[in-house]
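Subject: Handing over a structure

Hello,

I am passing a structure on to you, and I would like you to have a short tour of it as well. Please open it first and then read on.

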Amino acid sequence: MEKTLRTNVAKLTGTIAVPGDKSISHRAAIFGALATGTTKIDHFLLADDCQQTLTALKQLGVPVQLSGDQVTIKGRGFKNLQHPNQPLNLGNSGTATRLLLGLLSKQSFAVELAGDQSLSKRPMARVTAPLRQMGANIAEPAAHLPLTIQANNRLQALDYRIPVASAQVKSALIFAALQADQVSHLTEIAPTRDHTERMLRQFGGVLDKDGLTLTITPQTQFKSQQLRVPGDLSSAAVFVLAATLVPNSQLRLQQVGLNNTRTGFLDVLSRMGANLRVENVHSAFEASGDLIVNTSDLNGTIIEGQEIANVIDELPLLALAATQAHGTTVIKDAAELRVKETDRIAAVATELSKLGAQIETKPDGLVIHGPTPLKPVTSDQLTTYGDHRIGLMLAVAALISNGTLTLTQAEAVNVSYPHFFADLQRVCH
Ligand SMILES: O=C(O)C1=C[C@@H](OP(=O)(O)O)[C@@H](O)[C@H](O)C1
Ligand SMILES: C=C(OP(=O)(O)O)C(=O)O
């Protein structure tokens with residue numbers, strides 16, 4: 001789908017309740033499927049990625065019902081999942097794939113996992129190699145989808161230092177370690193989002209954390225829950241940046257997730273000079289609060305090291321922020337961006353350069369010189385490359401651009417934010 005983007009917008013004002021958090025929705029559904037009893041999840045993210053998880057769970061014999069954005073799941077436990085008649089098609093979702101690989105490594109039946117073209121290029125050995133070490137029956141090289149996990153009745157404990165900063169790898173190994181025959185230890189190289197750990201405890205499980213090391217005791221009994229998914233910080237970030245950049249703007253984003261393994265974007269943008277405040281904080285199993293953002297000037301910054309994992313999905317937005325900031329911004333240690341839904345380092349640089357941005361690519365990041373007024377310089381046609389984060393970022397770039405701009409493969413935003421263009425339209429003046 002090609003979309004004409006709103007350009008040269010005068011101001012953004014109003015209130016938005018962004019949809020539920022993608023990472024938390026995946027995990028709530030999976031733990032709901034593993035628990036005993038009926039789990040009700042409110043404000044579930046009904047976007048393409050989390051629908052893939054629900055569909056996969058249904059194929060595994062888990063009863064799932066939808067009513068508006070409430071999902072009701074009748075848990076079957078680890079041991080009562082059923083052999084799916086068809087391969088599980090996980091579409092575009094890396095999270096669904098990697099979490100389910102861990103969960104399905106010890107089942108009495110074989111399962112095939114497949115995905116779309118983008119997902120089929122993404123690295124899976126980071127999960128399948130340690131799972132094989134535990135005894136999972138996955139034929140080598142097991143580097144990409146499609147993959148088959150053969151029936152298996154035993155997983156050994158794992159003592160493992162995870163070589164990439166990845167919450168998906170950590171979570172896959174937690175799901176496997178819960179089914180192992182002894183205690184496992186996982187050590188991260190940097191803190192990554194801890195939604196799996198929080199969800200596990202919320203469903204009555206136990207897990208020890210000491211610095212970057214998790215100790216996981218085998219356990220397969222979980223208690224069903226009623227919970228509400230907070231708004232997705234990564235979706236809210238799109239509007240936080242838009243209101244920062246479009247003159248005379250003020251937006252309130254209601255009840256956004258504020259888990260501190262996810263709020264790095266707010267820290268980086270504040271450090272660059274953003275005018276942000278938080279109100280109405282609620283602390284449940286995941287904290288949430290309202291974000292109020294006003295327009296402001298920005299300065300360049302350095303984003304590197306352990307901060308990267310916390311801002312990984314927001315780096316395209318921070319790169320756009322940097323094109324409007326005074327001075328140079330350096331993003332490094334972010335080679336993971338090259339193995340997301342598309343190569344996000346290349347995509348950000350190519351698309352923003354079409355609008356005149358001064359942006360250089362590095363193997364592990366970007367160097368951006370600002371501020372640069374944006375307008376179509378080499379092309380007025382932008383593309384998402386089928387990547388939702390690139391599409392959402394480009395829609396914000398358009399708001400502050402002069403001229404006419406179109407976006408191809410605009411439907412990619414449905415992966416994490418189905419009503420994005422309608423929400424944006426409502427606050428544009
Ligand atoms: O665990 C998760 O829910 C996610 C982890 C991150 O991926 P990696 O674990 O590959 O870094 C992130 O980019 C993705 O959007 C969601
Ligand atoms: C990388 C992302 O998701 P996933 O890995 O689940 O496809 C994302 O949402 O930016």
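Below is what I found in it, starting with the overall layout and ending with the two ligands.

Please keep in mind that this is a predicted model.

**Layout of the chain**

The domain assignment splits the chain in two: domain 1 (3-20 + 230-427) and domain 2 (22-228). Their centres, taken over C-alpha atoms, are separated by 29 Å. Where the domains meet, 22 residues of domain 1 are in contact with 26 residues of domain 2. On the domain 1 side, the touching residues comprise eight nonpolar, nine polar and five charged ones.

There is also a record to go with this. An unreviewed UniProt entry lists residues 9-424 as "domain: Enolpyruvate transferase". Helix makes up 31% of that span and strand 22%, and its end C-alpha atoms lie 11 Å apart.

**The nonpolar core**

The largest nonpolar core has 137 residues, and Leu318 and Val396 touch the most other members. Helix 7 (residues 233-245) is the biggest contributor, giving ten residues. Residues of this core come from both domain 1 and domain 2, so the core lies between them. If you would like to look around Leu318, leave aside its neighbours within four places in sequence: Leu318 is then in contact with Phe265, Val268, Ile303, Val311 and Ile331. As background, nonpolar side chains in soluble globular proteins tend to be buried together.

**Ligand 1**

Which residues surround ligand 1? They are Ser23, Gly94, Thr95, Ser166, Ala167, Gln168, Ser171, Arg193, Ile312, Asp313 and Glu336. Helix 3 (94-103) and helix 5 (167-177) are the elements that give two or more residues to this shell, and helix 5 has the largest share, with three residues. Sorted by class, the shell holds two nonpolar, six polar and three charged residues. Domain 1 and domain 2 each supply at least three residues to the shell around ligand 1.

**Ligand 2**

Around ligand 2 you will find Asp49, Asn92, Ser93, Gly94, Thr95, Asp313, Lys340, Glu341, Arg389 and Ser416. This shell has no nonpolar residues; five are polar and five are charged. Here too, at least three residues come from each of domain 1 and domain 2. Gly94, Thr95 and Asp313 are worth picking out on screen, as they appear in the shell around ligand 1 and also in the one around ligand 2.

Enjoy exploring it!

Best wishes

How values were computed. Residues numbered from 1 in each chain as written. Chains lettered and ligands numbered in written order. Predicted model: local features only at pLDDT ≥ 70, side-chain atom pairs only at ≥ 80, totals over all residues. UniProt positions renumbered as here; feature names shortened; annotations may be inferred. Helix = DSSP H or I, 4+ residues; strand = E, 2+ residues; numbered from the N terminus. Near = placed C-beta within 6 Å. Nonpolar A, V, L, I, M, F, W, Y, C, P; charged D, E, K, R; others polar. Domains from an automatic or database assignment. Core = buried A, V, L, I, M, F, W, Y, C linked by C-beta atoms within 7 Å. Buried ≥ 20, exposed ≤ 12 C-beta atoms within 10 Å, placed from the backbone. Contact = placed C-beta atoms within 7 Å.
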